[in-house]
Amino acid sequence: MTRSGLPGRPRFRAPCSTVLRARRAGRLPRRAARVITLVGTVQNAIAVTPEPGRARRGAGRPWGDAVFAAAARASGGFVLLLLGGIILSLFIGGIAAFRQFGAGFVVSTDWDPVHQKFGALVSIYGTLVTSAIALALAVPLAFGIAFYLTELAPGWLRRPVGTAIELLAAVPSIIYGMWGFFVIVPIMSDTIQPAIINAFDGIPVLADLFAGPPFGTGIFTAALILAVMVIPFVAATMRDVFETVPPVYKESAYGVGCTTWEVMRSIVLPYTRVSVVGGIMLGLGRALGETMAVTFVIGNADRISTTLFGSGNTIASIVALEFPESPQGSLKLASLLALGFILFVISFIVLAISRTLLRPKVAG
Amino acid sequence: MSATTLTPAPGTGSPGMAKNEVVARALGRRRHRVNLIVKTLCVTATVIGLALLASILFTLLWRGLGGLSLTVFTTATKPPGSNGGLLNAIVGTLIQTGIGTLIGTPIGLMVGTYLAEYGHGSLISNVVRFVSDVLLSAPSILIGLFIYQLVVEPMGGFSGIAGSLALAVLVIPIVVRTTEDMLRLIPATLREAAVGLGAPKWKMITLICYRAAMDGIVTGVLLAVARIAGETAPLLFTSLGNLNWSVNMSQPMASLPVTIYQYAGSAFDDWVQLAWVAALLITVGVLAINIIARFALRGRT
């Protein structure tokens, strides 16, 4: 306080309390105590009045305010510049590919470095399919966790379980990649994939969808790892959104005899519907751009496979894997940057929708 | 409902009433059964979530602890079979994370201050907040490509400074979010008291608001550190990784996540073992920072 040019009021508090203590102990006559306290009060009053010299010193430096405000505004502008810079640099970097292949770049399935032919469809397909499957797996689980944390868990368990789920979101993505590659892939190839292939054998659509040799890696495994990574984000957002429901609504529903599930389905979900979709979109935004975890397990193939157990790639994984073999200024590097631009456009749209939906309910 | 309607004597009560009673009981049983099933499924979902975390931690401890030794911290990475360590990767991660945080934090702090203190709900401040939120969740690999275009190509090579800049870009939106949230929590009376005593606005913000919001802001910075320490994708295109000892910021620089990426896929058992040790180190570090940050915030609320 004193450093800001403000007078230090607390200085006089100590003597006052000393006086009071002495008075209580009977060591000080009442009248003497009154006089001393009065003097202290006057001193305080004098001290609180700003000294004219100090006040003028603060007011005499308007540039301090101007500089600080300018710095704050410039930083705000810098963030806009940053986004513009990212979009522009990816577009300029990829412009050679867009020029060479035109709009056909987006719908071509070629990826042939030998003949210098590149197309984006395989990786766009991989990105969208893995993210969609990941969300289909993650959303029910995330909803269950959010429901448990807001309505079912006993009070003492909410905090530790909530923190554990949030820690799951903090684990670096490369760790998910390693865990997926060394733990999940063997389980997939030994147990889960053969079981699914056997179970769906003979059923028209499903048999084709889940066909192929059980390598363990592939689109389905990548989606599974993505789902694990997305669960904590979606669950945490859903929990925060569920907690915005006014308790009165829920209590009145409980009051007329609704079960916990009925309160969730008829009160909480309708009230938070928009924000729940926003939270799911946020998870989708995460899944679309995830790189390391997917790179480890997707198997990296440059073609669209008809089965979910087949290998594939996503935009992020092909950029990470092919970048070291793409010399500066080559058409391949331009194609990778063009892929980055497409990924940015897709995730920008998804994240923009998510933010718009989440804004009204979750403040900040 | 009276007792007579609950158990109507044959012939006296209306037969419709008795039928409704049976239906109502069946319906009630069904409602509670559905409730029980959903509750069980939710508990199962939570158990699955916790089991996943436990499985990851257990795998890391099981595979990583075995390779943990003093040489890991005292020797740089070496060719396979020659008992190398991770010293250059650990130091590289510390340097790049540190410099990234040092660059990103002041910018993020000022943007957060702008949004909370100067924006006043104007269109431009809403746009800045929106863009910052989008950057918060934007794919980090694209930040790497951006810095590659902006720094690596003009400078003619991969460098530690490019890696730090990429991480700094990731720090900014995290600090923006926590700073703005924390500044908005400060009661108006505190500001009014400062302004009423004649303090200029910038002094009010730096000396009153920042101090009151300090632990929240520190939490944000800690979470940002935890986030960037484990980032791999942006570093692949900027600092590239370096298998030799180097603290030269203008040269390619090693880091734990990139070393994990290079080693985990290799065919050499000792490299894979080192990758697990690196994974254990980075995960324990990141989770520890997260837990510390959470305790710092809990002290406030």
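In the predicted model, the side chains of B:Arg294 and A:Glu166 form a salt bridge, with a distance of 2.2 Å from N to O. B:Arg294 belongs to helix α13 (residues 269-300) of chain B and A:Glu166 to helix α7 (residues 155-170) of chain A, so the pair joins two chains. A:Glu166 counts as partly exposed, because its relative accessibility is 22% and the partly exposed class lies between 20% and 50%. The two residues also belong to a wider arrangement: salt bridges that share partners link A:Glu166, A:Arg239, A:Asp240 and B:Arg294 into one network.

The interface to which this pair belongs was then examined as a whole. Chain B contributes 86 residues to the contact and chain A contributes 80 residues. Together the two chains bury about 7800 Å², and carbon and sulfur atoms account for 76% of that area. Three salt bridges are counted between chain B and chain A. Eight residue pairs are in polar contact across the interface of chain B and chain A, both residues of each pair being at pLDDT 80 or more. On the side of chain B that touches chain A, helix α2 (residues 15-64) of chain B gives the most, with 20 residues. By residue class, this side of chain B comprises 57 nonpolar, 15 polar and 14 charged residues.

Chain A contains 15 helices and two strands. Its length is 364 residues, of which 49% count as buried. Among the contacts in chain A with a separation of 6 or more, 73% are accounted for by residues 24 or more positions apart. The exposed area of chain A is about 17000 Å², and 66% of this area is supplied by carbon and sulfur atoms.

Over all chains, the count of salt bridges comes to twelve. One of them, within chain A, pairs A:Lys250 with A:Glu151, whose closest N and O atoms are 2.9 Å apart. A:Lys250 lies in helix α11 (residues 247-255) of chain A and A:Glu151 in helix α6 (residues 121-152) of chain A, so this salt bridge ties together parts that are 99 residues apart in sequence. Both A:Lys250 and A:Glu151 are buried.

A:Glu151 also appears among the contacts of A:Thr260, a residue that touches A:Phe147, A:Glu151, A:Leu152, A:Tyr254, B:Asn35 and B:Lys39 when residues up to four places away in sequence are not counted. This set includes residues of chain A and of chain B. A:Thr260 lies in helix α12 (residues 260-289) of chain A. A:Thr260 counts as buried because its relative accessibility is 11%, and the cut-off for buried residues is under 20%.

In chain B, a salt bridge is formed by B:Glu180 and B:Arg184, with the closest N and O atoms 2.9 Å apart. The two residues are four residues apart in helix α7 (residues 160-185) of chain B, and therefore about one helical turn separates them. The partners have unlike exposure classes: B:Glu180 counts as buried at 5% relative accessibility, whereas B:Arg184 is partly exposed, with a relative accessible area of 49%.

Attention was also given to a loop of chain B. B:Lys78 is placed in the loop between α3 (70-74) and α4 (87-118) of chain B. With a relative accessible area of 34%, B:Lys78 is partly exposed. Apart from its neighbours within four places in sequence, B:Lys78 is in contact with B:Asn83, B:Gly84, B:Tyr263 and B:Trp271. B:Lys78 and B:Asn244 are separated by 166 residues in sequence, while their C-alpha atoms are 7.5 Å apart in space.

B:Asn83, one of the contacts of B:Lys78, is likewise found in the loop between α3 and α4 of chain B. Its phi is positive, at about 55 degrees, although B:Asn83 is not a glycine. B:Asn83 is exposed, because its relative accessible area is 54% and the exposed class begins over 50%.

A positive phi is also found in chain A, where A:Asn300, a residue other than glycine, has a value near 45 degrees. A:Asn300 is placed in the loop between α13 (292-297) and α14 (315-322) of chain A. The relative accessible area of A:Asn300 is 29%, and the residue is therefore partly exposed.

Methods
Residues numbered from 1 in each chain as written. Chains lettered and ligands numbered in written order. Predicted model: local features only at pLDDT ≥ 70, side-chain atom pairs only at ≥ 80, totals over all residues. Heavy atoms only, no water. Contact = heavy atoms within 4.5 Å. Buried area = accessible area lost by both parts, 1.4 Å probe. Salt bridge = Lys/Arg side-chain N within 4 Å of Asp/Glu carboxyl O. Polar contact = N/O pair within 3.5 Å; in protein donor to acceptor, adjacent residues only side chain to side chain. Nonpolar A, V, L, I, M, F, W, Y, C, P; charged D, E, K, R; others polar. Buried < 20%, exposed > 50% of the residue type's maximum accessible area, 1.4 Å probe, protein only. Areas by Shrake-Rupley, 256 points an atom, 1.4 Å probe, with all protein chains shown as cover.
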